[in-house]
Amino acid sequence: MQNLATKFENLTIQSDFIFKKVMSRKRICIHLLEELLQIKIADINYLEAEKSLEPEFVSRGIRLDIIVADDKNTHYNLEMQVKNTKNPDTKNYVLPKRTRYYQALMDIDLLQKNQEYDLLPPTYIIFICVFDFFAKGNYVYTFKKRCLEDLELELPDEATTMILNTKGTHGSISKDIKSFYDYVNNHVINSDFTRQIDDEISYLKLDSKVRREFMLLEARLLDERREAKAEGKAEGKAEGLAEGKEKEKTATAKRLLSMGLSVEDIAKATSLSVEQVEAIKAEQA
């Protein structure tokens, strides 16, 4: 518990837990969206922080950090990304396909049964990255669908993906967004906006309920990791035992073949199939 207490004290805005808590404050979330998109937002409605989206068909569910809808029914999903993760099997970066999947599940969740497609509201998937995924130095990378034959022709599906690069060096962003980047990167407080964020984090760390929530969450995650590890070991052990039994059967079949027993009798004695025994016999020939 002492380690968890220390970990809690050292949390920053880069932590999913703190990011969700800070963005759950309307004034902060609204100001971030207004400054980023250069729009005015009268109010926002939280559609359950860290909402789990589970489609009816069998697929991989996701947990979204912050989902809000503004007074014009535009929906926003805000995510903090601190690791540029690769799939260990394919060696491909997961971020691009992750944005695609988030968009798809948001749309499924937003479109009620039997509603028309044109009732889908405008959406923004916004990933705040502490790394430059595209290595171009932009502060912001904004993506919409365009026609390859005519790049001025945009598909009006009202779906936008924004990859924010807190390590960016050029582009057009407001002073408050730049100060937000500085705060995310180095805990630098150089604006009223980042002062509000830092004050909010200080208040959160003094709240015993928030502290207890974090510790319970971390304990639950630790239990899940331990269970997954134990299951992996059990599966590995079972596979090892099964492999050992197969090797033992094969060795027995070889001995019985050398003694001149028939393939059928050996199959019965070892529980191997006739085809397996014949394959072993062929190897020995």
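**Second largest pocket.** I began with the lining of the second largest pocket in this predicted model, and I noted that H4 gives the most to that lining, with seven residues. The lining holds 16 residues, and I listed Pro96, Thr99, Arg100, Phe143 and Thr161 as those that lie nearest the centre of the pocket. When I looked up which elements give two or more residues to this lining, I found helix H4 (95-110) and strand S8 (159-165). For the space in this pocket I wrote down about 360 Å³, and for the character of its lining a division into eight nonpolar, four polar and four charged residues.

**Whole protein.** I then stepped back to the chain, where I counted nine helices and eight strands. Of its 285 residues, 37% count as buried. I also looked up how far the contacts reach along the sequence: among those between residues at least 6 apart, 57% join residues at least 24 apart.

**Nonpolar cores.** How many residues does the largest nonpolar core have? I found 55, and those with the most contacts inside this core are Ile13, Val22, Met23, Ile126, Phe180 and Ile197. Helix H3, which covers residues 26-37, gives the most to this core, with seven residues. Apart from the largest core lies another, of nine residues, and among them I noted Ala253, Val263, Leu272 and Val277. As a reminder to myself, nonpolar side chains in soluble globular proteins tend to be buried together.

I took Ile13 as one residue to follow further, and, leaving aside its neighbours within four places in sequence, I found Ile13 in contact with Ile18, Phe19, Val22, Met80, Tyr183, Val184, Ile197 and Ile201.

**Thr194.** I placed Thr194 in helix H6, residues 192-206. Is Thr194 buried or exposed? It counts as buried, because its relative accessibility is 0% and the cut-off for buried is under 20%. Not counting residues up to four places away in sequence, Thr194 touches Ser179, Phe180, Tyr183, Val188 and Ile189. I also followed the side chain of Thr194 to the backbone nitrogen of Asn190, which the side chain reaches at 3.3 Å.

**Asp265.** Asp265 has its place in helix H8, residues 263-270. With 42% relative accessibility, Asp265 counts as partly exposed, so I entered this residue in the range between the 20% and 50% cut-offs. I looked up the separation of Asp265 from Ala253 as well, and found the two twelve residues apart in sequence and 9.9 Å apart in space, C-alpha to C-alpha.

**Positive phi.** Most residues other than glycine have a negative phi, and I therefore made a separate entry for exceptions. For Gln38 I noted a phi near 55°, a positive value in a residue other than glycine. Gln38 lies in the loop between H3 and strand S1 (44-46), and I recorded Gln38 as exposed because its relative accessible area is 58%, where the cut-off is over 50%.

For Ser271 I noted a phi near 70°, again a positive value in a residue other than glycine. Where does Ser271 lie? I found Ser271 in the loop between H8 and helix H9 (274-284), and I recorded Ser271 as exposed, with a relative accessible area of 59%.

Definitions and conventions. Residues numbered from 1 in each chain as written. Predicted model: local features only at pLDDT ≥ 70, side-chain atom pairs only at ≥ 80, totals over all residues. Heavy atoms only, no water. Core = buried A, V, L, I, M, F, W, Y, C linked by side-chain atoms within 4.5 Å. Buried < 20%, exposed > 50% of the residue type's maximum accessible area, 1.4 Å probe, protein only. Helix = DSSP H or I, 4+ residues; strand = E, 2+ residues; numbered from the N terminus. Contact = heavy atoms within 4.5 Å. 1 Å grid on protein atoms, 1.4 Å probe; cavity = no way out; pocket = protein on both sides within 12 Å on 5 of 7 lines; lining within 4 Å. Points joined across faces, edges and corners; volume = space filled by probe spheres on them. Nonpolar A, V, L, I, M, F, W, Y, C, P; charged D, E, K, R; others polar. Polar contact = N/O pair within 3.5 Å; in protein donor to acceptor, adjacent residues only side chain to side chain.
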